[in-house]
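Welcome, and please keep the viewer open while you work through these exercises. Try each task yourself before reading its solution.

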Amino acid sequence: MELTPDWAFSAADHAAMGEALAEASRAEAAGEVPVGAIVVAPSGEVVARAHNRRESERDPTAHAELLAIRIAARYRSDWRLDGHTLYVTLEPCAMCAGACGLARLDCVVWGAPDPGAGFVGSLGNLLDDPRTGVRVRWRGGLRAAEASALLEGFFAKLRGRL
């Protein structure tokens, strides 16, 4: 899998990922794995923001992407998020990639790759699989170093190395 270099993303993409990274920092402050996500409407308006809440909600599905998609759907009063873009700091897992397709997102932009669970390029790709009947554009690697550093720092602290 080839990541898109940072210079190939627009200033708006960088700013949006900055907001997702801020959400990831909020997750870390709450004792959650630092993953953040935002949903941006075609107009450029941020219509949803969320971070991981698996620990606080005791819910294995409380991933940042799913929470942001739910908020965006409520905001629009429609489960179809045509034209919207999801920015997330970590490559989505199979569950979240599936939800992106089901929500009819236009595009998913992710930061750090997840070689152990990522399903938008690493282990497989639900967004590009013609068998699913839904295609979602995607790009990976935006501000990957920052997203990876957040995750690495969190897990190092968790393991008592910092």
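**Exercise 1.** Among contacts in the chain between residues at least 6 apart in sequence, what percentage join residues at least 24 apart?

*Solution.* Let us begin with the ground rules. The model is predicted, so local features need pLDDT of at least 70 and side-chain atom pairs count only at pLDDT 80 or more, while totals for chains, interfaces and linings use all residues. Residues are numbered from 1 along each chain as its sequence is written, and side-chain values use heavy atoms, with hydrogens and water left out.
Next, take the contact criterion: heavy atoms within 4.5 Å. With that in hand, 59% of the contacts between residues at least 6 apart join residues at least 24 apart.

**Exercise 2.** Describe the order of helices and strands, then check the compactness of the chain.

*Solution.* Step one is to assign the elements: helices (H or I, at least four residues) and strands (E, at least two) are DSSP runs, numbered from the N terminus. The chain holds five helices and five strands, and their order along the sequence is α-β-β-α-α-β-α-β-β-α.
Step two is the size check. The radius of gyration, taken over C-alpha atoms, is 15 Å, close to the 15 Å from the globule rule for 162 residues, so the chain is as compact as a globular protein of that length. The rule itself is 2.2 Å times the number of residues to the power 0.38. Along the principal axes, the C-alpha atoms fill a box of roughly 45 × 35 × 30 Å.

**Exercise 3.** Which residues touch the most other members of the largest nonpolar core?

*Solution.* First fix the burial classes: buried means under 20% relative accessible area, exposed over 50%, and partly exposed in between (1.4 Å probe, protein chains only). By this scale, 47% of the 162 residues are buried.
Then build the core, a set of buried Ala, Val, Leu, Ile, Met, Phe, Trp, Tyr and Cys residues joined through side-chain atoms within 4.5 Å. The largest one has 47 residues, and L86, L105 and V108 touch the most other members. Elements that each supply at least two residues include α1 (11-29), β3 (85-90) and α5 (144-158). The most come from α3, with six residues.
Finally, look at two of these centres. L86 sits in strand β3 and is buried at 0% relative accessible area. Beyond four places in sequence, its contacts include A37, E65, C100, L105 and V108. The C-alpha atoms of L86 and C100 are 8.2 Å apart, with their positions 14 residues apart in sequence. V108, on the same count, touches residues including L86, C100, L127 and W138.

**Exercise 4.** Is H84 buried or exposed?

*Solution.* Start with its location, the loop between α3 and β3. The relative accessible area of H84 is 2%, so H84 is buried. Leaving out residues up to four places away, its partners include V39, P42, R76, L105 and C107.

**Exercise 5.** Find two residues that have a positive phi without being glycine, and state how exposed each is.

*Solution.* One is S77, with phi of about 55 degrees. S77 lies in the loop between α3 and β3 and, at 67% relative accessibility, is exposed. Another is R104, whose phi is near 60 degrees. R104 lies in the loop between α4 and β4 and is partly exposed at 32%.
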